[in-house]
Amino acid sequence: MKQFLLVFLGGGIGSGLRYLLSKTLNPYTSNFFIGTFGVNILGCLIIGIILGLSAKSTALSNNTILFITIGFCGGFTTFSSFALENYGMLREGQITSFLLYTLSSIVVGVLAVALGLWLSKIL
């Protein structure tokens with residue numbers, strides 16, 4: 001239960017911060033969501049740093065790692081998890097899986113948004 005609460009709290013903080021940053025920065029550009037892009041890249045950087053540090057040191061507890069990576073980064077941006085999964089496939093030489101997963105995630109994700117918008121019109 002403690003781990004669930006850590007993820008829950010981290011996710012809430014990450015989501016709130018994502019909202020504030022995107023709301024603040026996105027209006028500065030018209031054709032590029034700089035706030036969302038920045039959040040996604042920052043989340044990737046944070047998850048990389050935390051997992052890298054945890055691989056070489058025991059300074060961070062498992063609960064701290066869980067709070068930051070799954071909780072905060074997961075709430076801040078799911079893109080960080082997506083990027084980490086892709087990195088793992090590349091590291092293991094799974095190029096075909098990497099290409100299939102990456103391209104299908106993007107294409108199917110965009111199509112799912114379009115389908116959701118279409119369904120919302122007919123419901």
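**Entry 1: the fold**

I began with the secondary structure of the protein chain, and I counted five helices and zero strands. The model I am reading is a predicted one, and I keep that in mind for each entry that follows. Going from the N terminus onwards, I wrote the order of the elements as α-α-α-α-α. I then looked up the extent of the chain, whose C-alpha atoms fill a box of roughly 50 × 35 × 35 Å when this is taken along the principal axes. Of the 123 residues in the protein chain, 24% are buried.

**Entry 2: the largest pocket**

Next I turned to the largest pocket, which holds about 220 Å³ of space. I listed its lining as Asn40, Thr77, Thr78, Phe79, Phe82, Ser105, Ile106, Gly109 and Val110. Which helices each supply at least two residues of this lining? I found that they are helix 4, which spans 79-91, and helix 5, which spans 95-122. Helix 5 gives the most to the lining, and its share is four residues. Sorting the lining by class, I noted four nonpolar and five polar residues, with no charged residues.

**Entry 3: a nonpolar patch on the surface**

I then looked for nonpolar side chains on the surface, and I found a patch formed by Leu25, Tyr28, Phe32, Ile34, Phe37, Ile41 and Phe79. Together these residues have about 670 Å² of accessible area. The element that gives the most to the patch is helix 2, made of residues 34-56, which contributes three residues. Phe79 caught my eye here, since this residue is named in the patch and is also named in the lining of the largest pocket.

I picked out one member of the patch for a second look, namely phenylalanine 37, which lies in helix 2. Is phenylalanine 37 buried, partly exposed or exposed? Its relative accessible area is 41%, and because partly exposed covers the values between 20% and 50%, I entered phenylalanine 37 as partly exposed.

**Entry 4: the salt bridge**

Last, I searched for salt bridges, and the structure holds one. In this salt bridge the side chains of arginine 91 and glutamate 92 meet, at 4.0 Å from N to O. Side chains of opposite charge can pair when their charged atoms come close. I also checked whether the two partners are covered by the rest of the chain, and I noted that arginine 91 is exposed and that glutamate 92 is exposed as well.

Note on methods. Residues are numbered from 1 along each chain as its sequence is written. This is a predicted model: local features need pLDDT of at least 70, side-chain atom pairs count only at pLDDT 80 or more; totals for chains, interfaces and linings use all residues. Side-chain values use heavy atoms; hydrogens and water are left out. On a 1 Å grid over the protein atoms alone, a cavity is a set of points where a 1.4 Å probe fits but cannot get out, and a pocket is an open set with protein on both sides within 12 Å along at least five of seven lines; lining residues have an atom within 4 Å of a point. Grid points are joined across faces, edges and corners, and a volume is the space filled by probe spheres set on the points. Ala, Val, Leu, Ile, Met, Phe, Trp, Tyr, Cys and Pro count as nonpolar, Asp, Glu, Lys and Arg as charged, and the others, Gly among them, as polar. Patches are made of residues with over 30% relative accessible area and no salt bridge: like charges are joined within 9 Å, nonpolar side chains (Val, Leu, Ile, Met, Phe, Trp, Tyr) within 5 Å. Accessible areas come from the Shrake-Rupley method with a 1.4 Å probe; for residues, only the protein chains shown count as cover. Buried means under 20% relative accessible area, exposed over 50%, partly exposed in between (1.4 Å probe, protein chains only).
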